[in-house]
Amino acid sequence: MNPIAKLFAGLFSLSVATLGISTPASAADPFRPNSPRDIGEHTEAAFRVIFEEGNYAAADAALAKAEANEAEEPLVHALIAAMAYFEGSAGLDEVARRAKLTQETAAVLKESDLLRGHLYTAVGLFLEGAHMLKTEGLARGTPKALSMLQRVFNELDAVEQIDEADSELNLLRGSMDLMLAVNLPFVSPERAIARMAQHSHPVYVTQRTIAIGYRDLDQYDSALVAVNKALAAAPSNPELFYLKAQVLAGRGDTAESLDWFAEALAQKDQLPTALSRRIVWENCIVEGAEPESCSELVGY
């Protein structure tokens, strides 16, 4: 796949996890254990349902409540866009609408919180780019996506001018840098990982992102260390069970990998349908079946 297309497609899924969880409820800021910003208790509650519990089945209700009470928070619209993205082509119109709303609410937010206003302008542009590649294809979409990606990084540079150590910034930018490092060999993954490990929060989403990066670089021992740290912070999340299963399979630990696939599949009803089917398919492959029969099993 074209590296820029893979960046947008893969990073979009990854950035869903980047909108992570886990600070005291009174703070209503999942990114900053100290000096929290007022993101909103309903938005934080939606984080927990989706990303701490891995319960996408309850996501619509949680996000509807967040939007009803905190519609001025751009993160709400970014999360709704992410959920729509899981619906495939049926959700693309909603992705486009929420990308626009993310940018509009971010523009207003700049008046009271310049840092997060720039940050979610970047997120909204990123969502717009992901939608563009899906709807226009690689030939037409890639040149536009390259231009849009530069605008994303310009906004993130503006955030760095305000506070280069901000946790929300470093989690998002570290995720982007790591995805670039996986797909473009002249970018250093070590720098991206160090950035996230030093400056981003919460531990669950930081370490999950690091584990995905190491997995994609085929560095499975390091990926296992990271996913175990993520599981220590969010021990009931089936997406983490799945990630650990993938990492163990990559290391050649087939029997243990199948145990973790079984754990993920036991809770597959709370995951998006496409993700559940993917887990079933990968479990089938690790069991040693022919790819064709595994594809027939899930209807690929």
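**Exercise 1. Burial of a cysteine pair**

Task: In this predicted model, decide whether Cys284 and Cys294 are buried or exposed.

Solution: Start with the cut-off: a residue is called buried when its relative accessible area is under 20%. Now apply that to the pair. Cys284 is buried, and Cys294 is buried too.

**Exercise 2. From two cysteines to a disulfide**

Task: Work out how many disulfides the model holds, what handedness the bond between Cys284 and Cys294 has, and which helices these cysteines lie in.

Solution: Let's take this in four steps.

1. The distance comes first. The sulfur atoms of Cys284 and Cys294 are 2.1 Å apart. A disulfide calls for cysteine sulfur atoms within 2.5 Å, and Cys284 and Cys294 do form one.
2. Next, the count: by this rule there is one disulfide.
3. Then look at the torsion. About the S-S bond of Cys284 and Cys294 it is about -80°, so the disulfide is left-handed.
4. Last, place the two ends. Cys284 belongs to helix H13 (residues 273–286) and Cys294 to helix H14 (residues 291–298), so the pair ties together parts that are 10 residues apart in sequence.

**Exercise 3. The overall fold**

Task: Describe which elements build the protein and how its radius of gyration relates to the globule rule.

Solution: Begin with the elements. The protein has 14 helices and zero strands, and from the N terminus on its elements read α-α-α-α-α-α-α-α-α-α-α-α-α-α. Now turn to the radius of gyration, which is 18 Å; the globule rule gives 19 Å for 300 residues, and the two values are close, so the protein is as compact as a globular protein of that length. For its extent along the principal axes, the C-alpha atoms fill a box of roughly 55 × 45 × 35 Å.

To finish, check the inside and the outside. Of the 300 residues, 54% are buried. The accessible surface is about 12900 Å², and carbon and sulfur atoms account for 51% of that. As for contacts between residues at least 6 apart in sequence, 59% join residues at least 24 apart.

**Exercise 4. One residue in helix H5**

Task: Find where Leu101 lies and how it is classed by relative accessibility.

Solution: First locate the residue: Leu101 sits in helix H5 (residues 92–109). Then read its accessibility. Leu101 has 21% relative accessibility, so it counts as partly exposed. Finally, look across the chain: Glu72 is 29 residues away from Leu101 in sequence, and their C-alpha atoms are separated by 9.3 Å.

Terms used:
Residues are numbered from 1 along each chain as its sequence is written. This is a predicted model: local features need pLDDT of at least 70, side-chain atom pairs count only at pLDDT 80 or more; totals for chains, interfaces and linings use all residues. Side-chain values use heavy atoms; hydrogens and water are left out. Helices (H or I, at least four residues) and strands (E, at least two) are DSSP runs, numbered from the N terminus. Buried means under 20% relative accessible area, exposed over 50%, partly exposed in between (1.4 Å probe, protein chains only). The radius of gyration is taken over C-alpha atoms; the globule rule is 2.2 Å times the number of residues to the power 0.38. Contact means heavy atoms within 4.5 Å. Accessible areas come from the Shrake-Rupley method with a 1.4 Å probe; for residues, only the protein chains shown count as cover.
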